[in-house]
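Grab a coffee and work through these exercises with the structure open beside you. Try each task before reading its solution.

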Amino acid sequence: MKTPVSHMLLVLLAAFIGSFGGVFLKSGAAALRSGILYLVIARDPPYFNWRLASGVAMFLLSSYFFVLGIRPPGELSVLYPMVSLGYIFTLFWSRIFFKEPLTSLKFAGLFLIVAGVFFVGLGSK
Amino acid sequence: MNAVTDSAQISEMPARRQPVGLVFCCTLLGAAAQVLMKTGANHMAHAGLSGMITNLPLMGGYCLYGLSTLLLVLALKDGELSLLYPVIALTYVWVTVLSFLIFKDNINPWKVTGIVLIVSGVAVLGKGGKR
């Protein structure tokens, strides 16, 4: 395995930050005014939608670390499965922050997707 | 977060959006973004921020990424995060297909297995979204 540990940590960090980005986007979306023109304006004062802005900032930061991580000699077969850990983090954040039900259907779907990302990574040598 | 919606807002709401469908479009844009970002990452002169800003494919990728984020926000407004976030994995399916078509990357049984698993996983989640 020639993927340096530093690249793995970068991609893990990207997945972690990205999962929180999803949480902030979701809570920002709830504060949205209807209509696409009001995308950054929250429904209640103060009108700047800082949750949405934070979510976007986290996605940018996440992809910055992702790009650094997948640079050669990083191997996608090792790094892609680490990205899909982000989906598992998100499942727990959704439960904690939004009280979303964790149904067996969600676990089944998530399991198939994580396995799928693993196989796509395995084939990307 | 705030589940309480006043009556005025309900009347403004367009006919029921389909969050999973929106995320589906979001992954198409995201895949195009990733292909551009990968091209950019391969040609990055140096790791610093200045090296990224002057990298045209990378910046184009970020723009598409932004657009796909917009669709994700609209989807999250109506849908559950735990349901929609994993659907983003569809991006891998498009990236694999695009890499095959554009970069002539090889397709092997591993990748095909992965694609089939991801698509069926999304189908399961999509079923869960309908209630």
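Two residues count as in contact if their C-beta atoms, placed from the backbone, lie within 7 Å. Keep in mind that this is a predicted model.

**Exercise 1. Work out where Phe66(A) sits and which residues it touches, leaving aside neighbours within four places in sequence.**

Step 1: Find the element. Phe66(A) is part of helix α2 of chain A.

Step 2: Apply the contact rule. With neighbours up to four places away set aside, Phe66(A) touches Val11(A) and Ala14(A).

Step 3: Check the surroundings. A residue needs 20 or more other C-beta atoms within 10 Å to be called buried. Phe66(A) has 21, so it is buried.

Step 4: Look at a partner far off in sequence. Ala15(A) is 51 residues from Phe66(A) along the chain, yet their C-alpha atoms are 8.1 Å apart.

**Exercise 2. Describe how α1(A) and α2(A) pack.**

Step 1: Get the geometry. The two axes are 7 Å apart, and the packing angle is about 165°.

Step 2: Turn the angle into a direction. Angles over 145 degrees count as roughly antiparallel, so that is the label for α1(A) and α2(A).

Step 3: Add the handedness. The crossing of α1(A) past α2(A) is left-handed.

Step 4: Sort the residues. The contact of α1(A) with α2(A) has 15 nonpolar, 9 polar and 1 charged residues.

**Exercise 3. Do the same for α2(B) and α4(B).**

Step 1: Again, start with the axes. Those of α2(B) and α4(B), the latter spanning residues 56–78, come within 8 Å and cross at roughly 165°.

Step 2: That angle makes α2(B) and α4(B) roughly antiparallel.

Step 3: For handedness, α2(B) passes α4(B) in a left-handed crossing.

Step 4: By class, 20 residues of the contact of α2(B) with α4(B) are nonpolar, 7 are polar and 1 is charged.

**Exercise 4. Sketch the fold of chain A and say what is odd about Lys99(A).**

Step 1: Count the elements. Chain A has 4 helices and 0 strands, which reads α-α-α-α along the sequence.

Step 2: Ask how much is tucked away. Of its 125 residues, 45% count as buried.

Step 3: Check the reach of the contacts. Among contacts in chain A with a separation of 6 or more, 75% join residues 24 or more positions apart.

Step 4: Now the oddity. Most residues other than glycine have a negative phi. Lys99(A) has a positive phi of about 55°, and it is not a glycine.

Step 5: Place Lys99(A). This lysine is in the loop between α3 and α4 of chain A, and its 8 C-beta neighbours inside 10 Å make it exposed.

**Exercise 5. Explain how chain A meets chain B.**

Step 1: Count both sides. In all, 40 residues of chain A are in contact with 39 of chain B.

Step 2: Find the contributors. On the chain A side, α1, α2, α3 and α4 of chain A each give two or more residues, and α4(A) has the largest share, with 13.

Step 3: Sort that side by class. There are 25 nonpolar, 11 polar and 4 charged residues.

Step 4: Look for a core. The largest nonpolar core has 68 residues, and those with the most contacts inside it include Ile113(A), Val117(A) and Ala89(B). Helix α2 of chain B gives this core its largest share, 11 residues.

Step 5: Zoom in on Ile113(A). Not counting residues up to four places away in sequence, its contacts include Ser84(A) and Tyr87(A), along with Pro86(B), Ala89(B) and Ile118(B).

Definitions and conventions. Residues are numbered from 1 along each chain as its sequence is written. Chains are lettered from A and ligands numbered from 1 in the order in which they are written. This is a predicted model: local features need pLDDT of at least 70, side-chain atom pairs count only at pLDDT 80 or more; totals for chains, interfaces and linings use all residues. Ala, Val, Leu, Ile, Met, Phe, Trp, Tyr, Cys and Pro count as nonpolar, Asp, Glu, Lys and Arg as charged, and the others, Gly among them, as polar. Axes are lines fitted to C-alpha atoms, for helices over the stretch in contact, and angles run from 0 to 180 degrees between N-to-C directions. Angles under 35 degrees count as roughly parallel, over 145 as roughly antiparallel, 65 to 115 as roughly perpendicular and the rest as oblique. A crossing is left-handed if the near helix is turned anticlockwise from the far one by less than a right angle, and right-handed if clockwise. A residue is buried if 20 or more other C-beta atoms lie within 10 Å of its own, exposed if 12 or fewer, and partly exposed in between; C-beta atoms are placed from the backbone. A nonpolar core is a set of buried Ala, Val, Leu, Ile, Met, Phe, Trp, Tyr and Cys residues joined through C-beta atoms within 7 Å.
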